[in-house]
Amino acid sequence: MHSSVSGSVLSNTTYRRLLQMSFFGFVLIFALWQTRIIATDTAYRALSQQNMNELFRYSSALSSVLQKYESVPQQLSLNENIHSLLQNVSDPQLIDEVNRYLEIVNDIHGSSDIYIMDSLGNTIAASNWKRKKTFIGKNFSFRPYYTQAIQGKQGKYYALGTTSNRRGYYFSVPVSDDDDILGIVVLKISLANIEERWASPWSENDIELIVTDANNVVFISTQPDWRLKSLGKISAPKMADLRRSRRYGNHIPTHIDARSVHYVSGYNGQQAQVISIGEPGTTGVTYLSQVLEMPFAGWKVQALSKTDSVKEAVKLSLIIVIAIYVFLVLVFLFVKERLRNERQLQQSKELLEDRVRERTQDLETSNVRLRSEVDERLKAEAALKRTQEELIQAAKMAALGQISAGINHELNQPLTAIRSYTQNTQQFLARGNIDTAQNNLTEVIKLTDHMTSIIAQLKVFSRKRDESLTSVDVMSCLQEAIKIMSPQIKQQDVQVSLHHQQQGFWVLGDLIRLEQVFINLLANACQAMAHKNTKTIHIFITLDNTQPETPIIQLRFEDTGSGIDQDKLKRIFDPFFTTKDISQGLGLGLSISHRIIDAMQGTLTAENRIDGGACFTIRLPALISEHDQSNSHPRVDSVPNPVEAVS
């Protein structure tokens with residue numbers, strides 16, 4: 001009996017597992033089938049868009065080349081010497097002049113050949129008159145471009161040259177005298193030059209571009225083996241016409257074995273064809289084919305892209321789907337096994353609790369007491385968590401107060417400058433000096449924008465900025481800072497001297513924040529020299545090339561003040577530490593400046609000068625070319641009155 005039950009359970013378990021594996025296999029096959037369809041369609045659309053981009057680019061370039069030469073024969077048909085030659089074809093001097101003229105025009109336009117035919121199709125003058133195989137004396141009346149022009153129309157024709165045996169496109173126009181057609185001007189351009197011009201971009205990808213005529217014969221192609229071959233068999237009547245016009249000379253076009261495979265949905269909903277090109281009996285190379293008409297010339301431009309990228313994209317998509325599916329199945333089996341184990345564990349736990357409850361009531365009492373202790377601990381943990389949240393909130397409020405004090409300190413200098421500009425503006429308006437008043441108002445607007453930018457820096461103490469840094473011109477930033485400080489500099493009669501090299505100084509940083517640092521250092525220097533007779537700020541800007549791979553821009557701000565006490569020098573960058581009266585600041589300026597420079601991967605240090613006064617040094621990584629790093633010469637700019645433009 002026991003064996004029978006075990007066998008039944010085993011059979012049920014095996015059946016469920018087989019059913020589960022069958023379900024997983026069906027889902028996998030369905031997912032792979034859908035993935036293959038979607039990935040193939042997506043890859044063909046992308047490849048089709050690439051094809052169409054190349055088609056539009058090439059057809060536009062080809063049209064522009066043809067249109068460039070279309071008007072040249074028309075202009076030549078108006079030439080007086082050509083008219084005279086067609087009326088007197090036996091004048092050797094006139095023939096020589098026209099030959100030389102055609103040679104010059106041909107060289108200027110870069111065409112292949114230009115020649116003049118009389119009304120019977122005989123060539124009487126040509127740009128290639130010096131060559132051994134000149135057109136002079138040849139009769140081209142069998143060409144369709146002659147037939148079109150002799151009827152008074154503008155002729156356009158593609159053919160293989162009977163003399164040069166080179167592919168070319170012909171433009172022809174009649175030369176008329178009232179209603180009489182005296183002759184024909186013909187211009188030929190080489191198609192080989194067009195292929196050479198566009199071969200380089202094609203070589204960078206798997207796209208082949210071909211141009212076919214009305215007979216479906218390829219006459220321009222990035223694949224040399226396809227040239228002068230048809231994409232299909234040419235009927236006997238058309239082949240007879242080609243031989244009669246000698247369009248391809250003595251060459252008889254053979255056909256390329258191009259077999260249609262199927263059609264797909266291409267770019268912008270257009271239908272594209274997948275074809276296979278190769279020798280009969282072989283698999284051949286598979287291409288995605290798309291065609292663009294060129295009505296101007298009666299041509300078709302066709303792009304053929306190898307479908308290898310489609311196969312690779314589908315293969316990659318299938319691999320990704322299989323990997324994701326296997327991962328999900330493993331996760332499912334893991335979770336299922338985990339739940340099964342937990343269910344068994346729960347059952348065992350319940351069974352054990354029942355037995356313990358039956359054996360002893362004391363154990364149940366102990367269990368109740370233990371649960372009570374657990375509840376108390378949970379309550380204590382919740383209370384501790386609330387306390388931690390309150391401490392975090394208190395820390396945030398303290399940081400917010402510190403940030404507000406810092407912003408108040410940073411806005412003090414622009415507000416002082418705005419007040420000075422406003423007072424000066426009132427005086428200028430009273431004097432009727434409108435232009436200067438207008439300039440001062442413009443500066444007030446700039447300072448207002450600057451204050452807005454400073455206010456935007458509220459997060460400078462809360463977290464590190466994650467915005468990307470930009471290239472900053474140190475000299476321009478420093479000049480702007482001096483301009484903002486100009487009212488205070490003029491009021492205290494401070495002279496500012498810049499010592500720098502001739503080339504530009506660029507760093508990777510934040511323009512507004514770097515300007516804040518310069519303003520803080522200038523303001524501190526002015527306050528330190530308030531009671532001194534000599535008030536000079538020297539700013540030295542140098543390039544440190546001791547390590548060529550990482551050049552450093554160094555800025556030294558030296559003043560003629562009393563310097564900083566040695567015991568206070570170590571704490572000079574601490575928040576709320578100041579050596580000045582509380583009315584002059586809260587001790588946050590240098591702390592903020594130190595954080596700003598540190599965020600730009602630089603350093604800000606302070607020391608006392610030997611001759612007296614303080615010196616603050618900023619070192620920042622430089623953005624500078626190798627040419628600018630050599631042959632630099634020092635330069636000194638004195639800025640004694642930087643507020644002359646304001647007053």
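Here are some worked exercises on this predicted model.

**Exercise 1: Get your bearings**

Work out how many helices and strands the chain has, and what share of its residues is buried.

*Solution.* Start with the secondary structure: you should find 15 helices and 21 strands. Next, go for burial: of the 647 residues in the chain, 40% are buried. Then look at the surface, where the accessible area is about 37,100 Å² and carbon and sulfur atoms account for 53% of that. Finally, check the contacts between residues at least 6 apart in sequence: 62% of them join residues at least 24 apart.

**Exercise 2: Put a ruler on helix α3**

Find what span helix α3 (residues 92–109) should have, and compare that with the distance between its end C-alpha atoms.

*Solution.* Step one is the expected value: 18 residues at 1.5 Å a residue should span 26 Å. (The expected span is 1.5 Å times one less than the number of residues.) Step two is the model: the end C-alpha atoms of α3 are 26 Å apart, which agrees.

Now look at both ends. At the N-terminal end, Asp-91 acts as a cap, with a side-chain oxygen 3.2 Å from the backbone nitrogen of Gln-93. Just after α3 comes Gly-110, with a positive phi of about 70°.

**Exercise 3: Find the two sides of α3**

Sort residues of α3 into buried and exposed, then say where the buried ones sit around the axis.

*Solution.* First, list the buried ones: Leu-94, Val-98, Asn-99, Leu-102, Val-105 and Asn-106. These buried residues cover an arc of only 135° around the axis, so they are on the same side of α3. The spacing is worth a thought here: an α-helix has 3.6 residues a turn, so residues three or four places apart point the same way. Last, turn to the other side of α3, where Pro-92, Gln-93, Ile-104, Asp-107 and Ile-108 are exposed.

**Exercise 4: Classify the aromatic pairs**

Decide how the rings of Phe-135 and Phe-140 are arranged, then do the same for Tyr-145 and Tyr-157.

*Solution.* Counting ring pairs with centres within 6.5 Å gives 9 aromatic pairs. Take Phe-135 and Phe-140: their ring centres are 5.8 Å apart and their planes are at 70°. Planes over 60 degrees apart count as edge-to-face, so that is what this pair is. Both Phe-135 and Phe-140 are buried.

On to Tyr-145 and Tyr-157, with ring centres 6.3 Å apart and planes at 50°, so this pair is tilted. The tyrosine pair links distant parts of the chain, as Tyr-145 is in helix α4 and Tyr-157, 12 residues away, is in strand β3 (residues 155–160). Both tyrosines are buried: Tyr-145 has 0% relative accessibility, and Tyr-157 has 6%.

To finish, pick out the cluster: Tyr-115, Phe-135, Phe-140 and Phe-142 form one aromatic cluster.

**Exercise 5: Trace the surroundings of Asn-128**

Is Asn-128 buried or exposed, and which residues is Asn-128 in contact with beyond its sequence neighbours?

*Solution.* Locate Asn-128 first: this residue is in the loop between β2 (123–126) and α4 (144–150). With a relative accessible area of 3%, Asn-128 is buried, since the cut-off for buried is under 20%. Leaving aside neighbours within four places in sequence, its contacts are Asp-113, Lys-133, Thr-134 and Phe-135. You've met Phe-135 already, as a member of the aromatic cluster. Also check Arg-100: its C-alpha is 9.3 Å from that of Asn-128, with the two positions 28 residues apart in sequence numbering.

**Exercise 6: Look into two positive phi values**

Where are Asp-493 and Gln-601 found, and are they buried or exposed?

*Solution.* Begin with the background: most residues other than glycine have a negative phi. Asp-493 has a positive phi, near 60°, and Gln-601 has one of about 65°. Now place them. Asp-493 is in the loop between α11 (486–491) and β15 (495–501), while Gln-601 is in the loop between α14 (589–599) and β19 (603–608). Exposed means over 50%, so Asp-493 qualifies at 61%, and Gln-601 at 59%.

Definitions and conventions: Residues numbered from 1 in each chain as written. Predicted model: local features only at pLDDT ≥ 70, side-chain atom pairs only at ≥ 80, totals over all residues. Heavy atoms only, no water. Helix = DSSP H or I, 4+ residues; strand = E, 2+ residues; numbered from the N terminus. Buried < 20%, exposed > 50% of the residue type's maximum accessible area, 1.4 Å probe, protein only. Contact = heavy atoms within 4.5 Å. Areas by Shrake-Rupley, 256 points an atom, 1.4 Å probe, with all protein chains shown as cover. Arc of directions from axis to C-beta. Polar contact = N/O pair within 3.5 Å; in protein donor to acceptor, adjacent residues only side chain to side chain. Phe/Tyr/Trp six-rings, centres within 6.5 Å; stacked < 30°, edge-to-face > 60°.
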